[in-house]
Structures are given as C-alpha cells and as structure tokens.
Amino acid sequence: MTGQAPFSPDELTIVPANEAAWDDIAAVFGTTEAGRCQCQRFKVTGWIWRDTTQQERTERLEAQTSCGVPDASDTSGLVAYADGEPVGWVAVQPRTAYPKLRTSRVVWAGRDQDKDDDEVWAATCFVVRKGYRGRGLTYPLARAAVVFARDRGARALEAYPMTTQPGRQVTWGELHVGARQVFEEAGLREVTRPTLRRTVMRIDF
C-alpha cells in the first residue's frame with residue numbers, strides 16, 4: 001500500500017476513538033514503536049519505560065479512549081478509517097490531560113501561561129498504521145483534531161511538531177509529534193521556536 005497516491009477526503013472517515021472498537025485501535029498501533037508506547041509518553045509522569053509495563057500502557061490507552069462507548073463524555077483521540085479499515089490515530093485532549101507536558105521545556109520556554117487552563121487543548125501524537133504510511137494521512141487527522149477540539153469547547157489548540165531541516169534525517173519515531181507543515185495547513189501558527197527542531201504552534205478559536 002505504501003507508494004500509493006495520497007488519501008482523498010472521500011476515502012476517509014475520522015471518528016472519536018470512543019466510537020471505534022478496541023481491536024481497530026490496536027490494529028493502528030501495531031506492535032512496533034507506537035505499539036510499545038501506546039500513546040503514553042506524555043501521560044506518564046516518570047520515565048515511561050521504567051515506570052510502566054507494556055500491559056499497563058495498553059490498559060491505560062484502552063481506558064483513556066473509552067473505545068466502544070459511543071456516548072462516553074471523554075476520549076483521548078481520533079481514529080481514521082479508509083474504506084472501513086482502521087489506518088490512523090491522532091491524540092487530542094485538553095493540555096492538562098498530559099502530565100508530562102507540564103515539565104516540558106519545549107512547551108513552556110519563553111511563555112507565561114496557566115498550566116492548569118483546561119480550555120487549551122493539545123494534539124500530541126500521530127500514528128499511521130504500517131502499510132498506509134507516506135500517503136499524507138496526518139494532514140486530514142490534524143484538520144479533524146482542530147474541528148474536534150473546537151466542537152468540544154476548546155478555546156485554543158496547540159501542537160509541538162518537528163521542523164525538518166535540509167540534510168537532517170528525521171525518523172518515523174521522531175515525527176510522532178507531527179511535522180510543522182501538517183499543522184500549518186490545519187490553520188495553526190508558530191508561537192515559539194524553543195529548539196532548532198521543535199516549534200510550538202497554536203490556533204485560537
């Protein structure tokens with residue numbers, strides 16, 4: 001499937017994770033980098049690999065998504081389907097739902113903001129299912145995250161993507177936070193550039 005044309009909007013359906021089945025979410029995450037992390041990097045206050053087990057991370061993700069509970073009041077992300085097949089994920093919640101962000105230099109360098117403001121949301125992680133990568137799926141996922149946050153009452157949405165540099169290779173694992181261009185095309189604008197490779201982006205509603 002890799003090498004095919006980018007997904008067109010009419011090929012995709014993107015739903016809140018609580019409307020997806022757990023087996024679908026597990027299929028997107030697979031068993032490699034994302035499958036090991038289970039989108040817990042920003043959820044675990046300590047060192048993720050020392051302070052949690054694989055089973056604990058999996059159980060936490062399943063609980064956080066409220067998968068299979070369509071009327072759940074909260075969920076932790078969105079799931080993309082292509083022709084009925086689960087293909088992608090974006091984590092999007094109030095910024096306060098990510099304890100590790102509270103101590104992140106990337107997030108707060110050069111800014112004076114209320115860390116307890118739960119009306120500011122964050123899109124923190126993308127996962128594209130193996131076999132469907134390279135088809136631009138993060139772009140519609142980022143746009144969907146903007147709409148989802150706004151519709152759920154967010155005052156703003158932030159992201160903390162990578163900025164690619166000429167001649168500097170970026171691995172798939174590094175880009176789990178997204179690429180700058182992805183969020184720029186979703187309407188976010190740069191707020192700060194705390195490091196050469198990371199930027200804080202934001203859209204206010």
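How many bridges join strand β1 to β2, and in which sense do the two strands run? Five bridges join β1, which covers residues 12-16, to β2, and the two strands run antiparallel. The model described here is a predicted one, and the sections below follow its strands, its nonpolar cores and several individual side chains.

## Strand β2 and its partners

Within the pairing of β1 with β2, the bridge partner of L12 is A82. Strand β2 also pairs with β3, again in the antiparallel sense, over six bridges, and here Y81 stands opposite P86 in β3. The strands β2 and β3 form a hairpin with two residues between them, and D83, which lies in the turn, has a positive phi of about 55°.

Is β2 enclosed or open to the surroundings? Six of the six residues of β2 are buried, so the strand is largely enclosed by the rest of the structure. Both of its faces are covered, with G77, V79 and Y81 buried on one side and L78, A80 and A82 buried on the other.

## From β3 through β4 to β5

Strand β3 is joined to β4 by seven bridges, and these two strands run antiparallel; in this pairing V92 stands opposite A123 of β4. Strand β4 is then joined to β5 by four bridges, but this time the strands run parallel, with A123 standing opposite A159 in β5. Residue A123 therefore appears in both pairings, facing V92 in the one and A159 in the other.

Like β2, strand β4 is mostly covered, since nine of its nine residues are buried.

## The nonpolar cores

The largest nonpolar core has 30 residues, and those with the most contacts inside it are V92, L137, L157, F183 and L188. Several elements supply at least two residues each to this core, namely the strands β2, β3, β4, β5 and β7 together with the helices α6 and α7. Of these, α6 gives the most, with seven residues.

L157 shows how one member of this core is surrounded: leaving aside neighbours within four places in sequence, L157 is in contact with residues including V92, W121, A145, V146, A149, L188, M201 and I203. A second, separate core of 28 residues includes W89, L101, V106 and V200.

## Aromatic rings and charged ends

The count of aromatic pairs comes to three. One of them is formed by F126 and F183, whose rings are tilted, with 5.5 Å from centre to centre and 40° between the planes. Because F126 lies in strand β4 and F183 in helix α7, the pair ties together parts that are 57 residues apart in sequence. Both partners are buried, F126 at 5% relative accessibility and F183 with a relative accessible area of 1%.

In two further places a charged end sits over a ring. The charged end of K43 sits over the ring of Y98, 4.9 Å from its centre, while the charged end of R135 sits over the ring of F7, 3.9 Å from its centre.

## Two buried residues with polar side chains

E158 is found in strand β5, which covers residues 156-159, and it is buried, with a relative accessible area of 0%. Which side chains make polar contacts with the side chain of E158? One is that of R111, at 2.7 Å, and another is that of Y160, at 2.6 Å. Beyond the neighbours within four places in sequence, E158 is in contact with R95, R111, Q113, V120, W121, A122, A123, L188, M201 and R202.

T199 is found in the loop between β6, residues 189-192, and β7. At 0% relative accessibility, T199 counts as buried, and a polar atom of its side chain lies 3.0 Å from the backbone oxygen of T192. Leaving aside neighbours within four places in sequence, T199 is in contact with several residues, among them A159, Y160, P161, T163, R180 and E190.

Technical notes: Residues are numbered from 1 along each chain as its sequence is written. This is a predicted model: local features need pLDDT of at least 70, side-chain atom pairs count only at pLDDT 80 or more; totals for chains, interfaces and linings use all residues. Side-chain values use heavy atoms; hydrogens and water are left out. Buried means under 20% relative accessible area, exposed over 50%, partly exposed in between (1.4 Å probe, protein chains only). A polar contact is a pair of N or O atoms within 3.5 Å; within protein, one must be able to donate a hydrogen and the other to accept it, and residues adjacent in sequence count only if both atoms are side-chain atoms. Contact means heavy atoms within 4.5 Å. A nonpolar core is a set of buried Ala, Val, Leu, Ile, Met, Phe, Trp, Tyr and Cys residues joined through side-chain atoms within 4.5 Å. Two strands pair if DSSP finds at least two bridges between them. Rings of Phe, Tyr and Trp (its six-membered ring) pair if their centres lie within 6.5 Å; planes under 30 degrees apart count as stacked, over 60 as edge-to-face and the rest as tilted. A charge sits over a ring if NZ of Lys or CZ of Arg is within 6 Å of the ring centre and within 35 degrees of the ring normal.
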